[in-house]
2 protein chains.
Amino acid sequence: MGSTDKTAVPTRVRLSRDRVLSSAIALADTAGIEALTMRRLGEDLGVEAMSLYNHVANKDDLLYGMIDRVYGEIDLPSPDDQWKSALRARCISFREVLARHPWATGLKDSGTRPGPSTLRHHDRVIGILRSGGFSLALTAHAFSAVDSYIFGFAMQENSLPYTTEDESAALARAFLANLPGEEYPHLAELTTQHVLQPGYRYVDEFPFGLDLILDALERRLTGPQDPKHNRTV
Amino acid sequence: MGSTDKTAVPTRVRLSRDRVLSSAIALADTAGIEALTMRRLGEDLGVEAMSLYNHVANKDDLLYGMIDRVYGEIDLPSPDDQWKSALRARCISFREVLARHPWATGLKDSGTRPGPSTLRHHDRVIGILRSGGFSLALTAHAFSAVDSYIFGFAMQENSLPYTTEDESAALARAFLANLPGEEYPHLAELTTQHVLQPGYRYVDEFPFGLDLILDALERRLTGPQDPKHNRTV
DNA sequence: ACCTGAACACCGTTCAAGT
DNA sequence: ACCTGAACACCGTTCAAGT
């Protein structure tokens, strides 16, 4: 329509890998990963599904690209900061990113084909620990422990069937109503006396476990050497 | 063939929800969760896909049933055991179960519709912590921290592209060959100097993080009260 | 070089029909 | 009560054809 092109054809933004990835992430964020189909993604971009294959090799490649974008969103702490506060900030940012992109939590492809943002991120985290005095073995231990916790927490958080606090309470109440309390007394007690108390939000559990791990790592680092776990290289 | 039935029709084992679940788990274990389709599952059971709908409501219901079976496989420690060793044994069993059924790790449905085995398991874990002297708040903290770690570890373990130690080394070597080492020096160092050292297996990282968390929980339990995290009910 | 239409081999699920 | 065949509305992906 109002195009000043000499051809009367409406100017169309060219497709690109970047645009495909951005649109795919937006779609997965808003409609869920199961809504991300090549046909629907093409529709969102005003293009036939088959055109996407000019910019991504296949759907797996698309998912790899999306995952690398997610890693790129995590705040990269400066390597000059003190290891504990730097790592803590990075972990908090990581969880927020995974909450923003729930579909990314279960995607197991990050390990197989890490993209440039993923590699940069990993290198920085390792560097922070090494600068903080961690041996190679303790660095591997720490990285594994911390990221396992974050991934697992995000997964549990995402698997909760509610989003708002009100919904949460309503569902916990419904859950409790169906629960044979005499059969599961401890579960019933924890639900009524703790989870259903005003102000409870599962996400608030995150810092407890994170600080538990970080404090324990600090103790392993500065305290007496544990020959079982903290052998030097 | 050799049937002693009065009808000459070969006796066929009747379908049942139990048989459907067992067959589905076996299929997912051996061929991967993406191979678990209603048609393929029907084939394995010698039946048309549509017959399955007489025993499961739909595919989601099938997955719920499978998840509950998985929870049923976790060793339930006796509630009379000391909390730390009981919880530790349960965590080790849990990780083993998830390694046996990798498809169960990413399934987020456990929280939404817990089955009887899942409820029994949760009730027992909560009971062990409560008997060990954990407040309700600390019980919730501990449960979340420990299970986040286990789920996340299993996810990372399952996302590794190899299974045997030799494969692992070969792939790490290939990874390293493609890695621009000057761009990611810390990642390159950790890979060559630690991961590629003989005898390294990622699964061996598990007890480090687990004991890190359990020791820290014990300290929170017996040590000076932390008003931020360990408030009583 | 990039986009498209038709086609292929799949999905989960429904429904009426069989026994 | 349980099983089936055909059908529906989807998938990811290929391939030759268009521009």
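Of the atoms of DNA strand D that come within 4 Å of the protein, 56% are sugar or phosphate atoms, and the rest belong to bases. Please keep in mind that this is a predicted model.

Now the protein side of that contact. Strand D is surrounded by 18 residues. The closest come from two chains: Arg39(A), Tyr53(A) and Lys59(A), together with Glu48(B) and Ser51(B). Sorted by class, the surface near the strand has seven nonpolar, five polar and six charged residues.

What does the side chain of Arg39(A) approach on strand D? An N or O atom of that side chain is 2.5 Å from a base nitrogen. Two other residues of chain A face the backbone, at phosphate oxygens. For Tyr53(A), a polar side-chain atom lies 2.9 Å from a phosphate oxygen of strand D. For Lys59(A), the corresponding distance to a phosphate oxygen is 2.8 Å.

Next, a contact between the protein chains. Two packed helices are described by the angle between their axes and the distance between the axes. Here the pair is helix α8 of chain A, residues 185–195, and helix α6 of chain B, residues 136–159. Their axes come within 10 Å and cross at roughly 110 degrees. Angles of 65 to 115 degrees count as roughly perpendicular, so α8(A) is roughly perpendicular to α6(B).

Which residues make this contact? From α8(A) they are Glu189(A), Leu190(A), Gln193(A) and His194(A). From α6(B) they are Leu136(B), Ala137(B), Thr139(B) and Ala140(B). By class, the residues of this helix contact comprise four nonpolar, three polar and one charged.

Terms used
Residues numbered from 1 in each chain as written. Chains lettered and ligands numbered in written order. Predicted model: local features only at pLDDT ≥ 70, side-chain atom pairs only at ≥ 80, totals over all residues. Heavy atoms only, no water. Near = heavy atom within 4 Å. Polar contact = N/O pair within 3.5 Å; in protein donor to acceptor, adjacent residues only side chain to side chain. Nonpolar A, V, L, I, M, F, W, Y, C, P; charged D, E, K, R; others polar. Axes fitted to C-alpha atoms, helices over the stretch in contact; angles between N-to-C directions. Helix = DSSP H or I, 4+ residues; strand = E, 2+ residues; numbered from the N terminus. Parallel < 35°, antiparallel > 145°, perpendicular 65-115°, else oblique. Contact = heavy atoms within 4.5 Å.
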